[in-house]
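Let's take a walk through this structure together. Have the model open and follow along.

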Amino acid sequence: MPDLRVAIDARLTSGVAGGVESVIIGLAHGLEGLTDGRERYLFLCRAGSTSWLEPYLGPNADILLVPATPDGGAVARARGAIKRAVPIARDTWRKRPLLPLERIPGPHASDGTIERAGIDVMHFTIQDGFLTRVPSIYHPHDLQHVHLPSYFSARERAIRDARYRVLCSQAAEVVVTSQWVRRDVLAHYGLAPDRVRVIPWAAPTAAYADPTPGEADTIHGRLHLPPRYLLYPAQTWPHKNHAGLLRAIALLRQRDGLVVDLVFSGHRNENARALDRLVDALDLRQQVYWTGFVRPVELLALYRQAVGVVIPSKFEAASGPLWEAFQAGVPAAVSAVTSLPEQAGDAALLFDPDDPASIAMAVRRLWTDPVLRQALSDAGRRNVARYDWDTTARRFRAEYRAVAGRSLSEQDDLLRAASSPL
């Protein structure tokens, strides 16, 4: 029998959650290799949405399905739990809610799935967790609604803030991916510093099987991609700033006569229509290629062919595509905002995401300078080599053991010390 049963939140639909899906796959891949412990990892999934994860599960892991809809008893428990959560949220609200607290939907109560499964630790990898008495670890991936409020309605901001505050308050530990995010969470939620730990992710694509040369050629042919292009893999959220990159590409053509082809991969959400209109307005139809969400092998093929990766995002807790570019040896240019300079170090060009001319300058250098591309490629490989999924998984295992009150090995103590800012 396992000494410790850990539930890991994977309640998402493949192709919609973007980076969260990738990091859950990476974590599953890392945990698969931990054969020196007595833990059992149960990935909490919705029925009918497990095929994206199953190939990465090892013999120490399994799927734990949640019901499609809660029964009446679960609904009643949820209503009671939300009422009980109101005082918790008030204590950390700092008296500045955007709406009366009683009118803001909080996290719902557990439907009992993890309790019936005898779970010892609940790891909320998704920002929308639930209330439970099971000790938990929570990931408030980013506080974008605080820094870019115009991208959210007042109600959306209030819901996100209420959700994050309650789940942070409930959690035994809060885990973030960078020191920048840690400082942000501490500043806004008033948590004790020793409860917020930093565990960087590794490159999500490190868990994927490489395509063969023949597969890569087939994929490029099927997607009708140009022979030379810059890649930006990101869902079309406004803060991802596809629009800024499009304007920079148009500027290069109009001002300098430089034609740069772009490939955008990732789920096309409701903002994609506005981007299509912008492509038409800038007369970029012949330079822009949309692939939509792609499978892991297809994503690796896109990186393999790319001249470079450009990440013009206005807000990131940590960029999966930047790690992926480094892992693939592809030179990158990235926004000089939030956690990105910390993550990039000296391995990427930096630019102002609000200035198309600044983006254009970085794109021009990336597109035209092979010596620079090689230098960035080498630096990127060195940068990302510091992180791997085995180490990330071992760090999380040490936290699981600590939160559950289990005995820690000497290695666990060292790993927890590395994750602690104290």
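Searching the whole of this predicted model turns up 11 aromatic pairs. A pair like this is described by how far apart the ring centres are and by the angle between the planes. Take F264 and W290: their centres are 4.6 Å apart and their planes make an angle of 35°, which puts the pair in the tilted class. The two rings come from distant parts of the chain, since F264 belongs to strand β9 (residues 262-265) and W290 to strand β10 (residues 288-292), with their positions 26 residues apart. How much of each partner is accessible? F264 is buried, at a relative accessible area of 1%, while W290 is partly exposed, at 23%. Buried means under 20% here, so W290 falls outside that class.

Now move along to W323 and Y387. This pair is tilted too, because the ring centres sit 5.3 Å apart and the planes meet at 45°, and an angle that is neither under 30 degrees nor over 60 counts as tilted. Again, distant parts of the chain are linked: W323 is in helix α11, and Y387 is in the loop between α14 (370-384) and α15 (389-403), 64 residues away. W323 is buried, with a relative accessible area of 6%, whereas Y387 is partly exposed, with 25%.

Aromatic residues also gather in a bigger group: Y41, W201, W389, F396 and Y400 make up one cluster. And some rings have a charge for company. W290, the partner of F264, has the charged end of R268 over its ring, 4.8 Å from the centre. Over at W367, R228 lies above the face of the ring, 4.3 Å from its centre.

Next, have a look at the nonpolar core. The largest one has 95 residues, and the members that touch the most others are F43, L246 and Y400. Y400 is a name you've just met, as one of the aromatic cluster. What does F43 touch, once neighbours within four places in sequence are set aside? Its contacts are I8, A10, I24, A28, L31, L53, L57, A61, D62, I63 and L64. A separate core of 27 residues lies apart from this one, with M122, A171, Y189 and V196 among its members.

Back to α11 for a moment. Just before this helix (320-328), S319 sits in the loop that joins it to β11 (308-311). Is S319 buried or exposed? With a relative accessible area of 2%, S319 is buried. Beyond its neighbours within four places in sequence, S319 is in contact with I311, L340 and Q343.

Helix α16 (residues 410-419) is a nice one to look at end-on. Its buried residues are D412, L415, R416 and S419. Viewed down the axis, they fall within an arc of 100°, so they line one face of the helix. Turn to the face away from that buried side and you'll find the exposed residues E410 and L414. And what covers the buried residues of α16? The cover includes β6 (173-176), β7 (196-198) and α15.

Finally, a word on confidence. The chain has an average pLDDT of 89, and 90% of the residues score at least 70. Residues 71-102 are another story: their pLDDT is below 50, though the stretch has 45 contacts in the model beyond near neighbours in sequence.

Conventions:
Residues numbered from 1 in each chain as written. Predicted model: local features only at pLDDT ≥ 70, side-chain atom pairs only at ≥ 80, totals over all residues. Heavy atoms only, no water. Core = buried A, V, L, I, M, F, W, Y, C linked by side-chain atoms within 4.5 Å. Buried < 20%, exposed > 50% of the residue type's maximum accessible area, 1.4 Å probe, protein only. Contact = heavy atoms within 4.5 Å. Helix = DSSP H or I, 4+ residues; strand = E, 2+ residues; numbered from the N terminus. Phe/Tyr/Trp six-rings, centres within 6.5 Å; stacked < 30°, edge-to-face > 60°. Lys NZ or Arg CZ within 6 Å of the ring centre and 35° of its normal. Arc of directions from axis to C-beta. pLDDT = per-residue confidence, 0-100.
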